[in-house]
Amino acid sequence: MKRRLGNYCMLGKDYTEVLSAESSICRAQDFECDYGYERRREGNCLPAFWFNPAVVSRCCSQGQKYLNSTGYRKVVSNNCVKGVKDMYTPRKQMCPNRAPKGLSLSTREGKLTADLHTNVTFLVHLDEPVISLDGSISYTFTSEGMNTVTVQASSENAILQDTKTIAVQEFFKSLLLSFSGNLD
């Protein structure tokens with residue numbers, strides 16, 4: 001409440017006013033446009049040019065649910081019930097599957113060589129989503145030569161792949177080479 005312009009009266013100490021907050025039936029006017037949405041001429045809240053409502057938060061994990069906006073939110077401190085409330089209230093939906101990203105394959109020792117009949121541990125890393133394996137797998141090569149190891153991750157229609165070639169020999173020997181100054 002405000003005083004009328006030009007009035008200088010004050011309410012006394014013993015003045016009390018009872019405020020009540022009764023619920024009313026929800027109407028379209030009880031809702032405003034949610035974040036990323038703007039009201040158009042027809043009165044509907046539609047996504048703004050810069051907002052993509054199909055992009056779900058990165059913290060939404062597969063198997064969980066999130067609240068998907070209808071484009072509207074209840075005006076702050078509004079306590080309406082029933083009416084059009086269900087039509088404008090966000091709906092719970094399952095988080096979508098995320099395509100695999102950042103797949104890499106390496107050996108525990110970081111080398112691309114292995115001794116024959118020796119256990120080699122391969123480490124698998126995936127940025128998103130979480131790998132269902134323990135992140136590593138071991139293998140013992142039984143024949144010499146160049147061996148190709150491939151790992152794939154798939155989710156719905158997306159497939160990611162990384163390949164490493166491992167040189168397997170019965171015996172490795174490192175030689176220190178030196179060159180003369182006359183070498184081209």
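Select Cys 26 and Cys 80 to begin, and look along the bond between their sulfur atoms: the torsion about this S-S bond is about 90°, so the disulfide is right-handed. The two sulfur atoms lie 2.0 Å apart, in a model that, it should be said at once, is predicted. Cys 26 sits in the segment before β1 (31–33), while Cys 80 sits in the loop between β5 (72–74) and α1 (85–88), so the disulfide ties together parts that are 54 residues apart in sequence. Are these two cysteines buried or exposed? Cys 26 has a relative accessibility of 3% and counts as buried, and Cys 80, at 2%, counts as buried too.

Next, select Cys 33 and Cys 45, which form a disulfide with their sulfur atoms 2.0 Å apart. Here the torsion about the S-S bond is -85°, and the link is left-handed. Cys 33 belongs to strand β1 and Cys 45 to strand β3 (residues 45–47), so this pair ties together parts that are 12 residues apart in sequence. Both Cys 33 and Cys 45 are buried, and the count of disulfides comes to two.

Now step back and colour the whole chain by secondary structure, which comes to one helix and 12 strands. If you follow the chain from the N terminus, the elements run β-β-β-β-β-α-β-β-β-β-β-β-β. The protein has 184 residues, of which 22% count as buried, and its accessible surface comes to about 14800 Å², with 52% of that surface belonging to carbon and sulfur atoms. Among contacts between residues at least 6 apart in sequence, 56% join residues that are at least 24 apart.

Keep strand β1 in view and select Glu 32 together with Arg 73, which form a salt bridge whose closest N and O atoms are 3.1 Å apart. Arg 73 lies in strand β5 and Glu 32 in strand β1, so the pair ties together parts that are 41 residues apart in sequence. Arg 73 is partly exposed, with a relative accessible area of 39%, and Glu 32, at 29%, also counts as partly exposed. As a general point, side chains of opposite charge can pair when their charged atoms come close.

A search of the whole structure finds four salt bridges, and two further ones can be selected in turn. The side chains of Arg 40 and Glu 38 meet in a salt bridge at 3.4 Å, N to O; Arg 40 counts as partly exposed at 31% relative accessibility, and Glu 38 counts as partly exposed at 34%. The side chains of Asp 162 and Lys 164 meet in another, at 3.5 Å, N to O. Is Asp 162 buried or exposed? Asp 162 is buried, since its relative accessible area of 15% is under the 20% cut-off, whereas Lys 164, at 24%, is partly exposed. Add Asp 34 to your selection as well, for salt bridges that share partners join Glu 32, Asp 34 and Arg 73 into one network.

Move on to the interior and select Phe 122, Phe 141 and Ile 166, which touch the most other members of the largest nonpolar core, a set of 14 residues. The strands β9 (119–125), β11 (145–155) and β12 each supply at least two residues of this core. Centre the view on Phe 141: setting aside residues up to four places away in sequence, Phe 141 touches a list of residues that includes Leu 116, Val 120, Phe 122, Val 149, Ile 166 and Val 168. Apart from this core lies another, of eight residues, and among them are Cys 33, Tyr 37, Cys 45 and Tyr 72.

Return to strand β11 and select Met 146, which counts as exposed at 60% relative accessibility. Which residues does Met 146 contact, leaving aside its neighbours within four places in sequence? Met 146 is in contact with Thr 165, Ile 166 and Ala 167. The C-alpha atoms of Met 146 and Ala 167 are separated by 4.6 Å, although the two residues are 21 residues apart along the chain.

For the last stop, select Leu 175, Leu 177, Phe 179 and Leu 183, which make a nonpolar surface patch of about 510 Å². Leu 183 is placed in the segment after β12 (158–169), and at 53% relative accessibility Leu 183 counts as exposed.

Conventions. Residues are numbered from 1 along each chain as its sequence is written. This is a predicted model: local features need pLDDT of at least 70, side-chain atom pairs count only at pLDDT 80 or more; totals for chains, interfaces and linings use all residues. Side-chain values use heavy atoms; hydrogens and water are left out. A disulfide is a pair of cysteine sulfur atoms within 2.5 Å. Helices (H or I, at least four residues) and strands (E, at least two) are DSSP runs, numbered from the N terminus. Buried means under 20% relative accessible area, exposed over 50%, partly exposed in between (1.4 Å probe, protein chains only). Patches are made of residues with over 30% relative accessible area and no salt bridge: like charges are joined within 9 Å, nonpolar side chains (Val, Leu, Ile, Met, Phe, Trp, Tyr) within 5 Å. Accessible areas come from the Shrake-Rupley method with a 1.4 Å probe; for residues, only the protein chains shown count as cover. A nonpolar core is a set of buried Ala, Val, Leu, Ile, Met, Phe, Trp, Tyr and Cys residues joined through side-chain atoms within 4.5 Å. Contact means heavy atoms within 4.5 Å.
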